Amino acid sequence: MAINTQESTCLPLQEKIVHNNKTARAVELVILTFLISMLVYRVVSFKDKEHSLPWFLALLCELWFTFIWILTVCIKWNQCSTKTYPDRLLKRLNEFEFPTIDIFVTTADPILEPCIITMNTILSLLAVDYPADKLALYLSDDACSPLIYYSLVETAKFAKLWVPFCKKYNIPVRAPFRYFTCKSSRLEDVSLEFQHEWKTMKNEYDDLYNKIEVASQRPFTFTCDHNSDFADFCDVNRSDHPAIIKVISENTGLPHVIYISREKNPQHHHHYKAGAMNVLTRVSGVMTNAPLMLNVDCDMYANNPQVFLHAMCIVFGHKNDQDWGFFEFPQAFYDGLKDDPFGNQLDNLYYVENGIAALQGPFYGGSNCFHRRKVIYGLSPNDKIKNGSIRNEDLHKVFGNSYEMRESAARILSGSNAGIENRKSLSSLIEAAIHVAGCTYDYGTDWGKKVNVY
């Protein structure tokens, strides 16, 4: 049955679905009954045992296991999930009303985390169904690898072909390495125009794949000319180097693409991924300052092109800002074993998460998560600070000595963020971004303590 525009404005954008888990409850109660019966047996038979100490220790262990089981059952007792309706969202809002989003992709080793996988993740995010001028993608390279930078540059070139192709034909899977190997890409019962463009796109992706593979299988060579794009990588040690920030793509009809390799120094702890996320937050605050941030692991591609629209259903589906500070999408795994003997599909974890969602909301799993920037900055979801009441001394103490960082933070905290559209050219902000990407910038501030605690 079709829904007209007037009716769609009355329907919710998102709703909580309560699952009927009577069978699971019955199984858990049966197990709990067995545990209690075993404890009763231990207590009743205690006097009849000659070796009372081992028996007593066994009783303590079983008591503790039963206690943990009861807590777990309480968490899993009620199961719920959130259902979103992007079709209603598109009828209710115009695209210019959508908030800007900064996307963070992190990688630390081009060998352990192959570049082609990272680039497929990036391509899937660049091709999502969302206004391109409201997106900026930041790749954090903790390896300071010229191979990763080279791969990103080549990927940005391929994206100019891939993104329009995906949106023109509404491609369901927008990570090329999955799309070109799945059944949905078969050229049966499709137009000749699509067949021609599909083959062209397949050849272009094969060229990209071969370029990255060839570059990764031999020592990466480049000229150290000062005019070269790779000049910053000359004689660089991955654990001791200055910050490198490069704008790969800007104002090309696609989302902005920025490469970041934060400063490293053996005398200063870099705090692994948490430190990288701190730097990403600061650099993006200086350059684009979007009110929403999405962090994604380098091997977690967007398997649904409407994932950002689903996210906006959460954003606009709550009447009060205090109802949410972050929300995340569960990880899914492809090509897993059907019986999953090692638990790689994390089914039990999802079961626990659905139970926690029924109590107070999900816990942060570390990836595929949308954060509100002002919450990361330490402000409660429903709070807003008047711009005139924010003292520069307080901003300096909390956010550091960068004028651009303090200015962008003040806009976020006061709710008057300018967003990507009205910002300066990203290339003109590189110097300020390099300053906040320094390894000592955190010192004497609240970064990593009260602000951006990952």
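**View 1. Right-handed crossing of helices H5 and H8.** In this predicted model, the crossing of H5 and H8 is right-handed (the near helix is turned clockwise from the far one by less than a right angle). H5 spans residues 115-126, and its axis lies 10 Å from that of H8 at an angle of about 140° (lines fitted to C-alpha atoms over the stretch in contact; angles run from 0 to 180 degrees between N-to-C directions). H5 is therefore oblique to H8 (neither under 35 degrees, nor over 145, nor 65 to 115). Cys115, Ile116, Met119, Asn120 and Leu123 of H5 are in contact (heavy atoms within 4.5 Å) with a set formed by Tyr205, Leu208, Tyr209, Ile212 and Glu213 of H8.

**View 2. Helices H6 and H8.** The axes of H6 (residues 146-169) and H8 (residues 192-216) come within 10 Å and cross at roughly 170°. The two helices are therefore roughly antiparallel (over 145 degrees). Residues of H6 that take part include Leu147, Phe158, Trp162 and Tyr169. On the H8 side, Phe194, Trp198, Met201 and Ile212 are among them.

**View 3. Surroundings of Ser261.** Ser261 belongs to strand S6, which covers residues 256-261 (a DSSP run of E, at least two residues). With a relative accessibility of 1%, Ser261 counts as buried (under 20%, 1.4 Å probe, protein chains only). Its side chain reaches the backbone oxygen of Asp141 at 3.0 Å. Apart from neighbours within four places in sequence, Ser261 is in contact with Asp141, Cys144, His241, Pro242, Ala243 and Ile244.

**Notes.** Residues are numbered from 1 along each chain as its sequence is written, and side-chain values use heavy atoms, without hydrogens and water. Local features need pLDDT of at least 70, side-chain atom pairs count only at pLDDT 80 or more, and totals for chains, interfaces and linings use all residues.

Methods: Helix = DSSP H or I, 4+ residues; strand = E, 2+ residues; numbered from the N terminus. Buried < 20%, exposed > 50% of the residue type's maximum accessible area, 1.4 Å probe, protein only. Polar contact = N/O pair within 3.5 Å; in protein donor to acceptor, adjacent residues only side chain to side chain.
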